[in-house]
Each structure stands twice: as structure tokens, then as C-alpha cells.
Amino acid sequence: MAIQNVYIDESIGTATGSGTLADPWGTFVHGLGQISANSSGGTRINVRSGTSIVFNTSDSIGSLLTFSPSLEAPVIIQGYTSYSEDGGTFDFDMNQRTSGFCNVNNLSFMDGKIHNSAANGILGFNYNRACVNIHFTNHTATGTAGIYAHRGCAFINCRFDNMDYLYGYIVFPLHGTRFDGCFFDGTTGFGNNMAYSGDGGSSFVNNIFLVPSERTGSVGWSKCIYISMGNSTTPVRCVISNNTFFKQGKITSGDAITFQAGSGGSSETACVVTINLIEGFTNGINIGQNEDRLHVYAGNSFFDNTTD
């Protein structure tokens, strides 16, 4: 089984090329329409660095591809400079789109920057996805989520910053979403919560959450990780381990981790919270009222919190 490599160079700017390294397709939109499914190893779409790809508000990965990625024929979109996997980074400008850019399954992103979306602009990181070495930034508008991610998506070595949302659900992980080695930089503006999770199965491991000394944005930060039942009746399960939560100076209120019962008929949570460093918060770990919980806490370190 071998992956199929195809190449796109947006700087060419025309609907030309054969999709090879020597003769890449000249635009991203044109190139996606030329690709066929490869059921013997999947397809890597190599997107050359150096030119920002500005999407129309109607563009979406699902509409541009001629097939639906599957477990047998997954798709990876990855940056390059001179050859495949050389560390080059693509640049996707969402052009303030509001929803539906990548709501197909079995599609992953590696080595790139995704920026300038509006509410729910990067929507639907669904089944069997991964985002590796992606910088998410400049998602500024009122709405419910900057990134809506669930059902087995993994974010690995990603950076999240300059996200300003009225309701603040910057990352909305459900059903097995994983964050590993990510950097949440709240000093450049975040909404109410850096990461909001409900309905079970999320994990936050080896991440850094950096919080400003003053609130910024439409509402202003109040929680790093907010675990809530929402309207679900499904018990929440999560792992929060080996993370660093650091707040620069004092603000009027704010939690590193909050567990909160929802309104869906069940308030049960069962989470493992271990080996985290939490410094400078009003509440290090805040357990909400009316919540049935079976949590495991071990090896956490608390410094300069009003309440650990």
C-alpha cells in the first residue's frame, strides 16, 4: 500500500498542470477537482508554501473533491516548499466564512496555518481526522465556535491564538477528541473558554494554556478547560493530564479547569486529572454544583491560586 502524492502551487494562479512535483496544479480549487480516490493508501495533497489561498465563502473541501474520503482512501492536506514532507507550511485564508469548510470525514491537515474565519468557520472536524502542526489564528466574530471538532479528531502540536467569540467555545471537542502537545495562547485574545467539552471521551495531554493578566475580547477569558454535560444525557468521560496552566498576573475571576453539570437529564462525569501544573488562578479546579462525579486526582501541583 502506497500513498498517492499530488502537488498544488497556488502562486501559478491558473487552472493548469498535471499535479506532479515538476508540474503542479496551479490552483487549490482546480487541483482538488482532478484527484481520484486511492484505496490502496490514500492521497497526500501537497500544497506549496509562500502564497495564501483565499477561499470563497461557498468553497468547501467536500464540494471541491470528486469523492468522499474513507478509511480505505483517506486524504491528507500538507504543506511543502520543495518536496513532500519537507516542513513547508500551507496558508489557508478562510475569508470570514461562517461554516462548513471541511465537514467531511477521514480528512487530515498537516504543516499549515488556517486563519480569518468567522463564527463556526472551521466546522466539522469529524470522524478519523488529525490536525498536526497547524496554527489556528485570527478567528474573530460573534458566534458559538471558532473550531467545532468531534468524533475521534486529534489535534497534535497545534497552536491556537487570537480567537475572539461572544460565547467563547473556541474548540468544541466531543466523542473522543484528543489534544496532545498543543499551545493555547490566551494573551492574544480568547473568548470565554479556551476549550469546551461535553458528551464524553475527550483528552487533553501535554498541552500549555497561557492566560493574560487582563480579560480581552468580546467577553473575556474565564476558563481554560470547561467540561460540561450541555444538553446531553450521556455521561462525560475525559482525561486531563500533564498540562501546564499559567496565568500572567491576577484577574477578577477565572478557572484552569471547570466541571459543570448540564441540563440534559444526566450530570455524571468521570474524569482523570493528573500531573498538571496550575498557577495563578481564582480556582485551580472548580467542581460545579449538582454534578455526580467520579474523578481521579493525583500528582497535580498548585501555585498561587486563590483556591486550588
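Helices (H or I, at least four residues) and strands (E, at least two) are taken here as DSSP runs, numbered from the N terminus. With that in hand, Leu210 can be placed in strand 17, which covers residues 208-211. The structure is a predicted model, in which local features need pLDDT of at least 70 and side-chain atom pairs count only at pLDDT 80 or more, while totals for chains, interfaces and linings use all residues. Residues are numbered from 1 along each chain as its sequence is written, and side-chain values use heavy atoms, with hydrogens and water left out.

The overall picture comes next. The protein has 27 strands and 2 helices. Of its 308 residues, 54% count as buried, where buried means under 20% relative accessible area, exposed means over 50%, and partly exposed lies in between (1.4 Å probe, protein chains only). The accessible surface comes to about 11,800 Å², and carbon and sulfur atoms contribute 48% of that area; such areas come from the Shrake-Rupley method with a 1.4 Å probe, and for residues only the protein chains shown count as cover. Among contacts (heavy atoms within 4.5 Å) with a separation of 6 or more, 67% are between residues 24 or more positions apart.

Leu210 gives a local example of residues brought together in space. Its C-alpha lies 6.2 Å from that of Phe184, although the two are 26 residues apart in sequence. Leu210 is buried, because its relative accessible area is 17%.

Aromatic residues offer further links. The structure holds 17 aromatic pairs. The rings of Phe28 and Phe55 form an edge-to-face pair, because their planes meet at 90° and their centres are 5.6 Å apart. Phe28 belongs to helix 1 (residues 28-32) and Phe55 to the loop between strand 3 (53-54) and helix 2 (61-64), so this pair ties together parts 27 residues apart in sequence. Phe28 is buried at a relative accessible area of 0%, and Phe55 also counts as buried, at 0% relative accessibility. Phe90 and Phe109 form a tilted pair, with 6.4 Å from centre to centre and 55° between the planes. That pair links distant parts of the chain, with Phe90 in strand 5 and Phe109 in strand 6 (residues 107-115), 19 residues apart. Both Phe90 and Phe109 are buried. For these assignments, rings of Phe, Tyr and Trp (its six-membered ring) pair if their centres lie within 6.5 Å; planes under 30 degrees apart count as stacked, over 60 as edge-to-face and the rest as tilted. Phe184 appears again in one aromatic cluster, together with Phe136, Phe155, Phe160, Phe179, Phe204, Phe209 and Phe245.

A polar site is found around Ser84, in the loop between strand 4 (75-80) and strand 5 (90-93). Ser84 counts as buried, because its relative accessibility is 15%. Its side chain makes a polar contact of 3.3 Å with the side chain of Asn5, and another, of 3.0 Å, joins the side chains of Ser84 and Asn46. A polar contact is a pair of N or O atoms within 3.5 Å; within protein, one must be able to donate a hydrogen and the other to accept it, and residues adjacent in sequence count only if both atoms are side-chain atoms. Leaving aside neighbours within four places in sequence, Ser84 is in contact with Asn5, Tyr7, Arg44 and Asn46.

Finally, Val296 is found in strand 26 (residues 296-298). Val296 is partly exposed, with a relative accessible area of 44%.
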